[in-house]
Amino acid sequence: MTEPSADSSVPRRPAPPAGWRRTVARLPVHMFRAGLGPLFRGRLLLLVHTGRASGQPHRTAVEVVESATVDGRRSWTVASGYGPAADWYRNLRRTPQATVQIGRRFHAVTAAELPAGEGGELMVRYAPRHPRVARRLCAYLGFTVDGSAEGYRAVGESIPFIRLTEGAPAGRGDR
């Protein structure tokens, strides 16, 4: 059996954590629920989404890649490091209405997938703000980056990004 080459442009998505690693990865969820959300200073949000099969609420802590105001409404952009197979990502594709908790505040949001090109530009803006995290994230996901904007753009184009925008989507009214 041959090992994939280090310069391969095909990412090797890591398996989601299991066992004790899953317990550690879920600690931020418990911290949010205990009222400790402000400790994350907006870097993480708690996403409450609807299970696509069960219809039950699920909670996932995800890193905020970028926050902004779009058409007078707040938005938070997050990335699915485990790719399009991540449960929270698939749940949002099925039911885009969700709730996010930032600090101690809750916001009703609607999720929208971003095109690959926009994901690339997001990663180019993210990397200089968080250089060590960006390098470690890329390595963890199996990408080799040289630190250039083009390198981060290529990575960002292959990671699925979701924008969570306050309120209902335009033209759909209240649900």
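## Glutamate 150 and its helix-6 partner

Start with glutamate 150, which is exposed in this predicted model, its relative accessible area coming out at 53%. Its salt-bridge partner is arginine 153, and the closest N and O atoms of that pair sit 2.3 Å apart. Both residues belong to helix 6 (residues 149-158), and because they are three residues apart there, about one helical turn separates them. The two ends of the bridge don't share an environment: arginine 153 has 17% relative accessibility and so counts as buried, the cut-off being under 20%, whereas glutamate 150 is exposed.

This pair also has company. Glu121 joins Glu150 and Arg153 in a network of salt bridges.

## Salt bridges across the chain

Searching the whole structure turns up seven salt bridges. One of them ties arginine 52 to aspartate 87, with 3.1 Å between the closest N and O atoms. That pair links distant parts of the chain, 35 residues apart: arginine 52 is in the loop between strand 1 (44-50) and strand 2 (57-70), while aspartate 87 is in helix 3 (residues 87-94). Both ends are partly exposed, arginine 52 at 24% relative accessibility and aspartate 87 at 49%.

Another bridge pairs glutamate 66 with arginine 125, and here the closest N and O atoms are 2.8 Å apart. This is again a link between distant parts of the chain, with glutamate 66 in strand 2, arginine 125 in helix 4 (residues 116-129), and 59 residues from one to the other. Glutamate 66 counts as buried at 18% relative accessibility, but arginine 125 is partly exposed at 38%.

## Overall layout

Zooming out, the chain is built from six helices and six strands. Reading from the N terminus, the order is α-α-β-β-β-α-β-β-α-α-α-β. There are 175 residues, of which 37% count as buried. Take the contacts between residues at least 6 apart in sequence, and 64% of them join residues at least 24 apart.

## Aromatic pairs

Two aromatic pairs show up in a search of the whole structure. Phenylalanine 32 and phenylalanine 40 make a stacked pair, because their ring planes are at 25° and the ring centres lie 5.1 Å apart. Both of these residues are buried, phenylalanine 32 at 2% relative accessibility and phenylalanine 40 at 15%.

Tryptophan 88 and tyrosine 89 go the other way: their planes are at 85°, with centres 6.2 Å apart, so that pair is edge-to-face. Both tryptophan 88 and tyrosine 89 are buried.

## Two nonpolar cores

Tryptophan 88 turns up again in the largest nonpolar core, a set of 17 residues. The residues with the most contacts inside that core are Leu45, Leu47, Trp88, Leu92, Val100, Ile162 and Leu164. Strands 1, 2 and 3, helix 3, strand 4 (97-102), strand 5 (105-113) and strand 6 (161-166) each put at least two residues into this core. Setting aside neighbours within four places in sequence, tryptophan 88 touches Leu47, His49, Thr60, Val62, Val78, Ala79, Ser80 and Ile162.

Another core, of 14 residues, lies apart from the largest one. Its members include Met123, Cys138, Phe143 and Phe161.

## Where helices 4 and 5 cross

The axes of helix 4 and helix 5 (residues 131-140) come within 5 Å and cross at roughly 125°. That crossing angle makes helix 4 oblique to helix 5. On the helix 4 side the meeting residues are Met123, Tyr126, Ala127, Pro128 and Arg129, and they face Pro131, Val133, Ala134, Leu137 and Cys138 of helix 5. Met123 and Cys138 are also among the residues of the 14-residue core.

## A buried serine in strand 3

Serine 75 belongs to strand 3 (residues 73-79). With a relative accessible area of 2%, serine 75 is buried. Apart from neighbours within four places in sequence, serine 75 is in contact with Glu66, Ser67, Ala68, Val70, Arg163, Leu164 and Thr165. Two names on that contact list have come up already: Glu66, the salt-bridge partner of arginine 125, and Leu164, from the largest nonpolar core.

Alanine 111 is 36 residues away from serine 75 along the chain, and 9.5 Å separates their C-alpha atoms.

Notes: Residues are numbered from 1 along each chain as its sequence is written. This is a predicted model: local features need pLDDT of at least 70, side-chain atom pairs count only at pLDDT 80 or more; totals for chains, interfaces and linings use all residues. Side-chain values use heavy atoms; hydrogens and water are left out. A salt bridge is a side-chain nitrogen of Lys or Arg within 4 Å of a carboxyl oxygen of Asp or Glu. Helices (H or I, at least four residues) and strands (E, at least two) are DSSP runs, numbered from the N terminus. Buried means under 20% relative accessible area, exposed over 50%, partly exposed in between (1.4 Å probe, protein chains only). Contact means heavy atoms within 4.5 Å. Rings of Phe, Tyr and Trp (its six-membered ring) pair if their centres lie within 6.5 Å; planes under 30 degrees apart count as stacked, over 60 as edge-to-face and the rest as tilted. A nonpolar core is a set of buried Ala, Val, Leu, Ile, Met, Phe, Trp, Tyr and Cys residues joined through side-chain atoms within 4.5 Å. Axes are lines fitted to C-alpha atoms, for helices over the stretch in contact, and angles run from 0 to 180 degrees between N-to-C directions. Angles under 35 degrees count as roughly parallel, over 145 as roughly antiparallel, 65 to 115 as roughly perpendicular and the rest as oblique.
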